[in-house]
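Please read the following report alongside the sequence and the model, which are shown here.

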Amino acid sequence: MSVDGVVAERNGDGGADEPGWDVDPDDESGVAVVAAVGRQIKAWREAAGMRAGELGVAIGYGEDLVYKVEGGRRIPRPEFLDRVDEVCGAGGKIAAMKQDLAAVRYPKKVRDLAGVEARSVEIAAYVAHGLHGLLQTPGHARALFEARQPPYSQDEVQRMVAARVARQAIFERAPAPTLSFVQEESALRRPIGGTLEWRRQLEQLLKIGQFRNVTLQVMPTHREAHPGMDGDIDVLKFKDGTAVGRSHGAFNGRRVTDAKQLRILELRYGIIRAEALTPRETLALIERVLGET
């Protein structure tokens, strides 16, 4: 099953009431798009002479979910739109709205981050704890979200995992951006998600580390203090020559665009890279850890 796949639960009337994604009321643009899509679905349903319950039965979903989608309270998944389009005879007009919903299906802060990454031509990232989100397998990400306290609902976990994996489309971009990651060795040795998922994660790192546009390095645990001890560092550069950076240990953790402040972050990152293992040594270490699992 894909990251977006969900096992449907059967409700009392026999329809599958898929646990979809609730709309964040603070996301104004998302609320507007979902409400507009809901109104269109309702209009097509009524034009087809169907009640909400009848539509639910016809497409294999519960009546309650149909009402929630039409009322703009639930973000419908792509397959929901496909089924409604077919049953209501919309000729592709409902299915075409998948593109509109794709832009708002994830939390706003994640959409903003993905948008910045998508515009970048160069990304440099040091992660003090764990693995960078662009490097994580779906199972690894899910285990991290499920470990949060207070706990997220399964709906929230599903949505955040899907959003994190969607960001990884950056590896398929053309032209490819230049990506540089430095991870702490401890991140390779923590069995997040259990042994099988740990192995999948190590295998994914080996795969990504061989991409021509990716430089993957590991900071050995036995290294002494380095400029990244205060926290993560990210620097993203864009085609127009501008850049944005952020570090938990500098400038109060806020995003910076000032050239002087960016140079400070780049200096710190440069020293971190110099003290880390080379890309070749890093892949050899990952292979060794994988062989030990």
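Helices (H or I, at least four residues) and strands (E, at least two) are DSSP runs, numbered from the N terminus. The model is a predicted one, in which local features need pLDDT of at least 70 and side-chain atom pairs count only at pLDDT 80 or more, while totals for chains, interfaces and linings use all residues. Residues are numbered from 1 along each chain as its sequence is written, and side-chain values use heavy atoms, with hydrogens and water left out.

Two loop residues can be set side by side in terms of relative accessible area, where buried means under 20%, exposed over 50% and partly exposed in between (1.4 Å probe, protein chains only).

| Residue | Loop | Relative accessibility | Class |
|---|---|---|---|
| Aspartate 24 | between strand E1 (21-22) and helix H1 (28-47) | 34% | partly exposed |
| Threonine 137 | between E3 and helix H7 (138-146) | 4% | buried |

The side chain of threonine 137 makes a polar contact with that of glutamate 197 at 2.6 Å; such a contact is a pair of N or O atoms within 3.5 Å, and within protein one must be able to donate a hydrogen and the other to accept it, residues adjacent in sequence counting only if both atoms are side-chain atoms. Leaving aside residues up to four places away in sequence, threonine 137 also touches Arg200, Gln201 and Gln204, contact meaning heavy atoms within 4.5 Å.

Strands E6 (residues 233-238) and E7 pair in the antiparallel sense over five bridges, pairing being assigned if DSSP finds at least two bridges between two strands. Aspartate 234 has arginine 246 in E7 as its bridge partner, and the two strands form a hairpin with four residues between them, where glycine 241 in the turn has a positive phi of about 95 degrees. Four of the five residues of E7 (residues 243-247) are buried, so this strand is largely enclosed by the rest of the structure.

The largest nonpolar core (a set of buried Ala, Val, Leu, Ile, Met, Phe, Trp, Tyr and Cys residues joined through side-chain atoms within 4.5 Å) has 29 residues, and those with the most contacts inside it are Phe171, Phe181, Leu202 and Leu205. Among the elements that give two or more residues to this core are strand E4 (178-184), helix H10 (195-209) and E6. A second, separate core of 22 residues includes Phe80, Val84, Ala90 and Met97. Phenylalanine 171, for its part, touches residues including Leu134, Leu179 and Val214, not counting residues up to four places away in sequence.
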